[in-house]
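User: I'd like a close look at one part of this model, please. Could you start with salt bridges, work your way into the rest, and explain the terms as you go?

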Amino acid sequence: MRSLLNVLVIVLSAALGLVLIGVILESPSPARVRLSEEVLMQIGASGVTHPVTAVLLNFRGYDTLLEVMVLLLALLGVLAQMGKQKRENPPAGFYLTEPRMQVLLWLARVLVPLMVLVAGYLLWAGGHQPGGAFQAGAVLAAAGVLLNLSGLLPSWMEPAWNLRAGLVSGLLVFLLIAAAVMMTASPGLLLQYPPASAGMLILLVETGLTLSLGLILAGLFLFLSGDAIDDEADK
Amino acid sequence: MSGALIYACAGAVLFVFGVTGLILLPHLLRKILAFNIMGSGVFLVLVGLGQRDGTPDPVPQAMVLTGIVVAVAATALALALVRRLLSLTGKIQFPEESEGLGRCWKNK
């Protein structure tokens with residue numbers, strides 16, 4: 001019975017795959033709505049010269065705004081799942097005495113400053129070439145994970161006020177700028193930057209986003225890694 | 001068939017692999033992996049279809065960029081939930097219908 005069901009699932013999935021491929025191949029090639037041309041026509045008013053950044057932070061800025069909220073919600077979900085019991089943090093550098101960890105330690109110490117530099121460059125490059133807040137935040141988060149894995153940065157337990165402020169800073173900056181623009185430049189319209197100052201505003205939003213995306217993504221790892229499972233202690 | 005359409009078709013195949021894995025695999029970590037493969041398939045379809053005219057369309061690319069970050073966050077949340085389930089029931093599987101989660105709570 002069970003294996004019959006499995007075969008049925010596989011057959012239906014194969015049929016679904018064939019239908020999907022058929023739809024992709026049949027789709028009309030010159031699309032009726034050419035969004036890329038629309039973007040290229042309006043890019044002069046967006047304040048940046050790279051089309052993906054223009055779409056992310058100007059034309060569909062509210063998408064990005066909601067995305068940051070989704071990330072914060074996911075982090076809150078992770079925090080809500082953490083065990084309540086307080087545990088002693090392993091001290092920073094607890095691997096330092098082990099000779100076999102020296103390579104990892106050395107690598108982390110050399111790589112992390114470079115990663116911060118790369119994150120800053122990606123943030124700045126986003127205006128005119130591939131890059132931007134998401135890539136920069138991901139690099140920052142990877143630096144945090146590397147520090148944690150090499151034992152230089154302890155896992156996070158309860159976020160203190162400064163960590164909480166960092167986690168929401170991107171969203172707050174975004175909301176403040178959205179509110180300021182709505183009240184002054186374009187009343188009643190969400191995130192309609194005036195073309196003259198759009199570039200500066202986008203860079204400001206991206207800087208806040210880089211910091212808090214880095215902290216949120218690192219937090220998704222560092223909060224989970226600090227909450228070791230010991231179900232014996234639960235019982 | 002242009003190169004972009006090959007990417008889109010590969011994305012459809014990945015999506016179907018993911019769906020099949022999500023249904024058939026009982027281990028929850030494998031379900032999460034299958035879910036991620038499904039998501040990657042969708043991203044590949046979006047990016048592939050977005051550049052079938054030869055020039056990449058920035059709108060689906062921006063959507064995929066958003067989607068990747070959200071997928072990472074959703075995966076972390078799913079992993080946190082699986083760990084909670086593990087510490088509650090000692091298993092990384094959904095409980096059978098006869099032994100619902102509610103009973104696990106009561107047994108605590």
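Analyst:
**From a salt bridge to a kinked helix**

Over all chains, the structure holds 1 salt bridge, meaning a side-chain nitrogen of Lys or Arg within 4 Å of a carboxyl oxygen of Asp or Glu. Keep in mind that this is a predicted model, where local features need pLDDT of at least 70 and side-chain atom pairs count only at pLDDT 80 or more, while totals for chains, interfaces and linings use all residues. Residues are numbered from 1 along each chain as its sequence is written, chains are lettered from A and ligands numbered from 1 in the order in which they are written, and side-chain values use heavy atoms, with hydrogens and water left out.

So who are the partners? A:Arg60 pairs with A:Asp63, and their closest N and O atoms sit 3.0 Å apart. A:Arg60 has 29% relative accessibility, so it counts as partly exposed. A:Asp63, at 24%, is partly exposed too. On this scale, buried means under 20% relative accessible area, exposed means over 50%, and partly exposed is in between (1.4 Å probe, protein chains only).

Now for the part that deserves the close look: helix H7 of chain A, residues 161–183. Helices here are DSSP runs of H or I with at least four residues, strands are runs of E with at least two, and both are numbered from the N terminus. H7(A) has a kink of about 50 degrees centred on A:Ser169. The bend at a residue is the angle between two fitted axes, one for the seven residues ending there and one for the seven starting there.

Plenty of H7(A) is tucked away: A:Leu163, A:Gly166, A:Leu167, A:Ser169, A:Gly170, A:Leu171, A:Phe174, A:Ile177, A:Ala178 and A:Val181 are buried. Here's a handy thing to know: an α-helix has 3.6 residues a turn, so residues three or four places apart point the same way. The cover over the buried residues of H7(A) includes helices H3 (51–59), H4 (61–81) and H8 (198–226) of chain A.

A:Ser212 is a nice example from H8 of chain A. Leaving out residues up to four places away in sequence, A:Ser212 touches A:Gly166, A:Leu167, A:Ser169, A:Gly170 and A:Leu171, where contact means heavy atoms within 4.5 Å. Notice that A:Ser169, the centre of the kink, is on that list. With a relative accessible area of 0%, A:Ser212 is buried.

Let's zoom out to the whole of chain A. It has 9 helices and 0 strands, and 40% of its 235 residues are buried. Take the chain A contacts between residues at least 6 apart in sequence: 74% of them join residues at least 24 apart.

What about chain B? It has 4 helices and 0 strands, and 37% of its 108 residues count as buried.

Finally, the two chains meet through 41 residues from chain A and 37 residues from chain B. Between them they bury about 3,400 Å², with 76% of it on carbon and sulfur atoms; buried area is the accessible area (1.4 Å probe) that two parts lose on being put together, summed over both. The number of salt bridges between chain A and chain B is 0. On the chain A side, the elements giving two or more residues are H1 (2–26), H2 (35–42), H3, H4, H6 (133–149), H8 and H9 (231–234). H1(A) gives the most to that side, with 11 residues.
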